[in-house]
Each structure stands twice: as structure tokens, then as C-alpha cells.
Amino acid sequence: MEGHRVILNDFLDFVKNDSITSILDAGSGRTSLSIITDSFSNTPIDAVVYPGDLRKINSIKEIADHNNNVRVIEKDICSDAVIREYDLIIAHLLFGEATKFGNAFEDLLKKVITMKYRYLILIDYLEDPAVKEIDIIKTCEKYDLTIVYKSYFTNLEPQVWEDFTGVHNFGYLIKRL
């Protein structure tokens with residue numbers, strides 16, 4: 001559980017020195033949104049959650065209610081167009097949830113990778129059977145994206161999910177040149 005926080009904070013520290021004026025938290029949740037708002041307190045953030053996903057919507061609305069820079073958007077990233085360009089897009093534990101909402105990992109990965117951004121942060125669990133790290137690498141190569149930084153973290157306490165137990169987090173900081 002600690003690993004995804006450590007990786008996200010490391011990656012955000014890396015991009016803080018660049019001018020980040022807009023952020024998309026794709027598949028937003030309490031953990032990622034709290035970390036992002038702490039790191040970029042004056043930056044507009046679009047927190048996107050799947051329509052009707054009350055387990056996430058309610059918790060991020062609590063954060064948005066106390067931060068005028070956070071806008072909560074209910075949207076299916078796989079099927080709805082994201083036209084706006086962002087300096088930073090964060091997909092924090094997003095890909096494993098694709099199948100929960102009738103989407104496929106490969107489709108969601110392609111959609112996120114092809115959005116308009118300067119930086120993209122992807123973080124997930126190595127053990128998640130729905131997430132294939134090698135596909136992330138191959139998709140980055142296919143779209144000529146640069147993996148600036150990659151990170152792995154072994155958690156001391158495993159996170160138990162319905163279909164797997166997560167021990168190892170991995171993350172990629174990607175830059176569009």
C-alpha cells in the first residue's frame with residue numbers, strides 16, 4: 001500500500017521543476033488526489049471517475065469541496081473523448097479497474113497513452129492479472145514515447161484485492177517529446 005504513494009511522490013517531485021499548469025487524475029481516488037493537491041496546491045486538476053462509481057466519487061468530492069482547483073468529472077475514459085491537453089496525466093491504479101466497468105486493459109492503455117499531455121504517470125501492481133507491464137512498454141515504443149523514469153517498490157504489507165494480492169508496485173514516468 002505504501003509503494004504506490006512513494007512512487008507517485010517521487011514522480012511528482014521529478015516533474016515539479018517543470019511548468020505544470022494543468023493535471024488530469026484519470027480514475028481519481030482519495031489517495032492520488034490528496035497527494036496531487038498537496039504537491040500542486042495552485043494547479044487546476046480534473047479528477048475523472050467512472051460514472052456512478054460512488055466508492056470513489058464521494059471521497060474525491062470531499063477533497064474538491066475544500067479545494068477550488070479540483071473539478072470532479074464523471075466520465076468513461078475508454079469511450080468518452082478527452083479533447084483537452086494536460087501538462088500531466090496520472091493513471092494511479094487505474095488499469096486494473098478497466099474490466100470492472102466493461103472495458104479491456106489494452107483499450108484503456110491505448111486511450112490513456114494517446115491522450116494529449118507532456119508527462120504521463122502510470123502506477124499499478126505487478127501482481128494484478130489484468131495489468132500487463134510489458135504491454136505498457138510496447139505501447140510506449142509504438143507511440144514513440146520516452147520512459148523517463150521507472151520505479152519498483154516492494155510493500156511490507158500486501159494489499160488484498162478481490163482477484164489478487166498486491167505486493168509489488170511499479171510505475172512509469174513518460175514524456176511526450
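**Exercise 1. The largest pocket**

Which residues lie nearest the centre of the largest pocket, and which elements give two or more residues to its lining?

*Solution.* In this predicted model, 26 residues line the largest pocket, and those nearest its centre are Arg55, Lys56, Leu93, Glu97 and Trp161. Turning to secondary structure, two or more lining residues come from each of α1 (2-16), α2 (30-39), α3 (54-64) and β5. When the lining is sorted by class, it has five nonpolar, 11 polar and 10 charged residues. The space in this pocket amounts to about 530 Å³.

**Exercise 2. Leu93 and its backbone**

Where is Leu93 placed, and is it buried or exposed?

*Solution.* Begin with the position: Leu93 belongs to the loop between β4 and α4. Its relative accessible area is 15%, and since the cut-off for a buried residue is under 20%, Leu93 is buried. The backbone deserves a separate remark, in that Leu93 has a positive phi of about 55 degrees although it is not a glycine.

For a second residue of this kind, take Asp144, whose phi is near 55 degrees, again a positive value in a residue other than glycine. Asp144 lies in the loop between α5 and β6 (146-160), and with a relative accessibility of 65% it counts as exposed.

**Exercise 3. The largest nonpolar core and α4**

Determine which elements supply the largest nonpolar core, and establish how the buried residues of α4 are arranged around its axis.

*Solution.* First, the core itself has 29 residues, and the most contacts inside it are made by Phe95, Val112, Ile113 and Leu122. At least two core residues are supplied by each of β1 (23-26), β4 (86-92), α4 (105-113), β5 (117-125), α5 (133-142) and β7 (165-175). The largest share, five residues, comes from α4.

Second, the buried residues of α4 are Phe105, Leu108, Leu109, Val112 and Ile113. Because they cover an arc of only 125 degrees around the axis, they are on the same side of α4. These buried residues pack against β4, β5, α5 and β7.

Third, consider Val112 individually: with neighbours within four places in sequence left aside, its contacts are Ile77, Ala91, Leu94, Phe95, Tyr117, Leu120 and Leu122. Apart from the largest core lies another one, of 25 residues, which includes Leu8, Val15, Ile23 and Ile57.

**Exercise 4. The cavity**

How many cavities of 30 Å³ or more does the structure hold, and which residues are closest to the centre of the largest?

*Solution.* The structure holds one cavity of 30 Å³ or more, and the volume of the largest cavity is about 160 Å³. It is lined by 17 residues, of which Gly27, Tyr50, Ile77, Leu94 and Phe101 are the closest to its centre. By class, this lining divides into nine nonpolar, three polar and five charged residues.

**Exercise 5. Two asparagines in loops**

For Asn42 and for Asn67, decide whether the residue is buried or exposed.

*Solution.* Asn42, in the loop between α2 and β2 (45-49), has a relative accessible area of 68% and is therefore exposed, the cut-off being over 50%. Its C-alpha atom is separated by 8.7 Å from that of Thr21, which is 21 residues away along the chain.

Asn67, in the loop between α3 and β3 (70-74), counts as buried at 16% relative accessibility. Not counting residues up to four places away in sequence, Asn67 touches Thr37 and Ser41. Between Asn67 and Thr37, which are 30 residues apart in sequence, the C-alpha to C-alpha distance is 8.2 Å.

Notes. Residues numbered from 1 in each chain as written. Predicted model: local features only at pLDDT ≥ 70, side-chain atom pairs only at ≥ 80, totals over all residues. Heavy atoms only, no water. Core = buried A, V, L, I, M, F, W, Y, C linked by side-chain atoms within 4.5 Å. Buried < 20%, exposed > 50% of the residue type's maximum accessible area, 1.4 Å probe, protein only. Helix = DSSP H or I, 4+ residues; strand = E, 2+ residues; numbered from the N terminus. Contact = heavy atoms within 4.5 Å. Arc of directions from axis to C-beta. 1 Å grid on protein atoms, 1.4 Å probe; cavity = no way out; pocket = protein on both sides within 12 Å on 5 of 7 lines; lining within 4 Å. Points joined across faces, edges and corners; volume = space filled by probe spheres on them. Nonpolar A, V, L, I, M, F, W, Y, C, P; charged D, E, K, R; others polar.
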